[in-house]
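Reader: I am new to this structure and would like a close look at a single part of it, followed by an account of how that part sits within the rest. Please explain each term as you go.

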Amino acid sequence: MNAPLKILDIARLREEFPILARDAYGKRLVYLDNAASAQKPRAVIDAMTQTLTRSYANVHRGLHLLSNEATTAFENARKTAARFLNAASPNEIVFTSGGTDAVNLVAYALGASEIGEGDEIILSLMEHHSNIVPWHFLRERKGAKLKWLDISDDGEIDLEAYRSLFTKRTKLVAISHMSNVLGAPTPAKALADIAHEHGAKILFDGCQAAVHGKVDVQAIGCDFYAATGHKLYGPTGVGLLYGRADVLDALPPFRGGGEMIEMVTTDYVTYNDPPHRFEAGTPPIVEAIALGAALDWMERTGLDAIAAHEAALLAHALDELRKLNFVKVYGQAKVKAPIVAFGVDGAHPHDVAAILDRTGVAVRAGHHCAQPLMRRLGVSSTARASFAAYNDHDDVEALIAGLVKAHEMLG
Ligand SMILES: Cc1ncc(COP(=O)(O)O)c(C=O)c1O
């Protein structure tokens, strides 16, 4: 029997986020820019402070107490990340500097080993630029061919259209597990199965998906999975790349330097095993340890409980937005994360965001690093409200009140 779903005490949970105690222009801070970056709970701030004030030193080099403590904490964070993504082993987790860095690592390494002139890479039209530009590099430098999968207006994928893009030259699918604009998750297992049927590898950009529900890389069966720390309630400067053990084993390094070598001579160099092969130089020690604390915090709080709370906020927001006949919402898939892109009739999204800001409501406006998607939707930009575990129904009401005001001023 399943355990009953934990109901979050949001008032108590909000107290764990010190920043929420501040105001914005004398008003309650309503932070709805979580898809860009999430705020940090005390557990994460404490992990950083604790490391810097008690156990800081460089890792993997030490014959002394502090280095050993830092190394243990750093490698424990890797174990936590492996558990969080359900990787088979911590050795399948590479610490990167973020989601962008994770994709660049894979693009560089596959470009050096497997993807050459005329080889094909499938991308969707709703990718974030960080899962587009590294592949354009391979197009420019290696002559690889990019093939684009269309999506529905709501960000859903037609698996037959996807299947039809494969040829004998398809080497890789690089696709979002959840759009940062439309909020719809992609059918990860089906996408991975079809890629593998065609002998291609698959990388998921999970920078958004990992925030909003349990990710199980083994159940998906993917080759690579990228996520970023700062959206997972962790610090900036750290991200995660999952790579299946056999795939990482066969992959050449991305950057060269300390830590990633086995032997360096004046004539040749040999490389360390994964994950260290891909972590050249001093890694983001404090950030990785704090990311481990963030993932622990998410698990302790309850991934299902967070998702249920976010679903309630999304339903509330969509209900209220539907009542505003001057608002158009982009992306209304039946199942989606609490990421709501929208436009206000007769108003530029930047002006809407500026007015909301003065009411204390922080949203994003722009192309959201997804220009091909903007073109597909026929807009140059949108506003975007995105919710996190610590948002509450008052935040939804504040957004709606701010939009009414913005429409009065701009519409
Ligand atoms: C879907 C998606 N992919 C990748 C990224 C890039 O993450 P980072 O800026 O942390 O490297 C983001 C961040 O906005 C994102 O939303």
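Author: **A close look at Val94**

Val94 is buried, because 28 other C-beta atoms lie within 10 Å (a residue is buried if 20 or more other C-beta atoms lie within 10 Å of its own, exposed if 12 or fewer, and partly exposed in between, with C-beta atoms placed from the backbone). This is a predicted model, in which local features need pLDDT of at least 70 and side-chain atom pairs count only at pLDDT 80 or more, while totals for chains, interfaces and linings use all residues. Residues are numbered from 1 along each chain as its sequence is written.

Val94 belongs to strand E4, which covers residues 93-96; helices (H or I, at least four residues) and strands (E, at least two) are DSSP runs, numbered from the N terminus. Leaving aside its neighbours within four places in sequence, Val94 is in contact with Leu241, Gly243, Pro275, Phe278 and Glu279, where contact means that the C-beta atoms of two residues, placed from the backbone, lie within 7 Å. Ala82 is 12 residues from Val94 along the chain, and their C-alpha atoms are separated by 9.8 Å.

Glu197 offers another setting, in helix H7 (residues 188-197). Glu197 is exposed, since 10 other C-beta atoms lie within 10 Å of its own. Between Glu197 and Arg163 there are 9.8 Å from C-alpha to C-alpha, with the two residues 34 apart in sequence.

Turning to the chain as a whole, its secondary structure comes to 15 helices and 17 strands. Of its 411 residues, 47% are buried, and among contacts with a separation of 6 or more, 71% join residues 24 or more positions apart. The radius of gyration of the chain is 22 Å, which agrees with the value near 22 Å that a compact globule of 411 residues would have; this radius is taken over C-alpha atoms, and the globule rule is 2.2 Å times the number of residues to the power 0.38. Along the principal axes, the C-alpha atoms fill a box of roughly 70 × 55 × 45 Å.

Some of the helices can be described in pairs. Helix H4 (residues 99-113) packs with helix H5 (residues 133-142) at an angle of about 25°, their axes 9 Å apart; axes are lines fitted to C-alpha atoms, for helices over the stretch in contact, and angles run from 0 to 180 degrees between N-to-C directions. H4 and H5 are therefore roughly parallel to each other (angles under 35 degrees count as roughly parallel, over 145 as roughly antiparallel, 65 to 115 as roughly perpendicular and the rest as oblique). On the H4 side the contact is made by Val103, Asn104, Ala107 and Gly111, and on the H5 side by Pro134, Trp135, Phe137, Leu138, Arg141 and Lys142.

Helix H11 (residues 285-301) and helix H12 (residues 303-323) pack at about 75°, with their axes 5 Å apart, which means that H11 is roughly perpendicular to H12. Here Met298, Glu299 and Thr301 of H11 meet Leu303, Ala305 and Ile306 of H12.

Helix H13 (residues 349-358) and helix H15 (residues 393-410) pack at an angle of about 125°, with axes 9 Å apart, so H13 is oblique to H15. In this pair, Asp351, Val352, Ile355 and Leu356 of H13 meet Gly402, Lys405, Ala406, Met409 and Leu410 of H15.
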